Amino acid sequence: SSSSSRININNNNIINSGDPSATTPAASVATSTVDDVQNAMDDPSAVVLDVRSVEEIVEKGHLQVDRQWVHAECSPQGSCPLLSVASESLIPQKSTPVIVYCGSGKRASLVKDLLERQGYLNVLNAGAFANLGYLQIYKDANI
């Protein structure tokens, strides 16, 4: 693989997809492949779900894509009050691709399990926000 970094700048948020400080999920956390995430994003009905804290979003920015973006904060222990009671309001169609991300992939993994228990059929753990620069291609170039 290449050692060069690619930086995407959109609406003053910088995502450095070659960032050496990008968090790698723990070995026990399974994340979806880039191809699987991109295939899910090809569906215009896809929902991008950010489960980081408000503070993390303010500090690091959020993924800006031309898909529905939902924020539902979850704790590192997997407590997700909003998703526990209102996931069907946020994501009404259980067959909709749901791309979940967080700071490292751990919370996204817990949320993937939670949503699958609620009957969602196409949930992907996209892993760490810092590693998702490749999804900026889904941002409308006219924005």
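Which way is the link of Cys74 and Cys80 handed, right or left? The link is right-handed, with 125° about the S-S bond. The legends below start with the whole chain and then move in.

This is a predicted model: local features need pLDDT of at least 70, side-chain atom pairs count only at pLDDT 80 or more, and totals for chains, interfaces and linings use all residues. Residues are numbered from 1 along each chain as its sequence is written, and side-chain values use heavy atoms, with hydrogens and water left out.

**View 1. The whole protein holds 4 helices and 6 strands.** Helices (H or I, at least four residues) and strands (E, at least two) are DSSP runs, numbered from the N terminus. Along the sequence, the pattern reads β-β-α-β-α-β-α-β-α-β. The protein has 143 residues, and 42% of them count as buried. Buried means under 20% relative accessible area, exposed means over 50%, and partly exposed lies in between (1.4 Å probe, protein chains only). The protein exposes about 7,600 Å². Carbon and sulfur atoms supply 49% of that area. Accessible areas come from the Shrake-Rupley method with a 1.4 Å probe; for residues, only the protein chains shown count as cover. Now take the contacts between residues at least 6 apart in sequence: 67% of them join residues at least 24 apart. Contact means heavy atoms within 4.5 Å.

**View 2. An open sheet is built from 4 strands.** Their order is E4-E3-E5-E6, and the pairing is parallel. Two strands pair if DSSP finds at least two bridges between them. Strand E4 (68–71) and strand E6 (123–128) stand at the edges. Each has a single partner strand, so one side of each is left without a neighbour in the sheet. Neighbouring strands of the sheet are turned by 25° against each other on average, direction ignored. Axes are lines fitted to C-alpha atoms, for helices over the stretch in contact, and angles run from 0 to 180 degrees between N-to-C directions.

**View 3. Strand E3 (residues 47–50) pairs with E4 and with E5.** On the E4 side, 4 bridges join the parallel strands. Here Asp50 has His71 of E4 as its bridge partner. On the E5 side, 4 bridges again join parallel strands. Leu49 stands opposite Val100 in E5.

**View 4. Strands E5 and E6 run parallel, joined by 5 bridges.** Val100 stands opposite Asn125 in E6. The chain leaves E5, passes through H4 and enters E6; this β-α-β crossover is right-handed. A crossover is right-handed if, with the strands pointing away from the viewer, the path from the first strand over the helix to the second runs clockwise. Farther along the pair, Cys102 has Ala128 of E6 as its bridge partner. E6 is mostly covered, with 6 of its 6 residues buried.

**View 5. Two helices lie across strands of the sheet.** Helix H1 (residues 34–41) lies across E3, strand E5 (98–102) and E6. H1 runs at about 120° to E6. Helix H4 (residues 106–117) lies across E3, E5 and E6 as well. H4 runs at about 145° to E5.

**View 6. Strand E5 is mostly covered, with 5 of its 5 residues buried.** Which residues of E5 point one way, and which the other? Val98, Val100 and Cys102 point one way. Ile99 and Tyr101 point the other way. Look at Tyr101, found in strand E5. Tyr101 is buried, with a relative accessible area of 0%. Tyr101 and Gly127 are 26 residues apart in sequence, yet their C-alpha atoms are 5.1 Å apart in space.

**View 7. The structure holds 1 disulfide.** A disulfide is a covalent bond between the sulfur atoms of two cysteines. In this model, a pair of cysteine sulfur atoms within 2.5 Å counts as one. The pair is Cys74 and Cys80, with sulfur atoms 2.2 Å apart. Cys74 is buried, with a relative accessible area of 3%. Cys80 is buried too, with a relative accessible area of 3%. Cys102 is in no disulfide. The nearest cysteine sulfur to that of Cys102 belongs to Cys74, 9.0 Å away. Cys102 is buried, with a relative accessible area of 0%.
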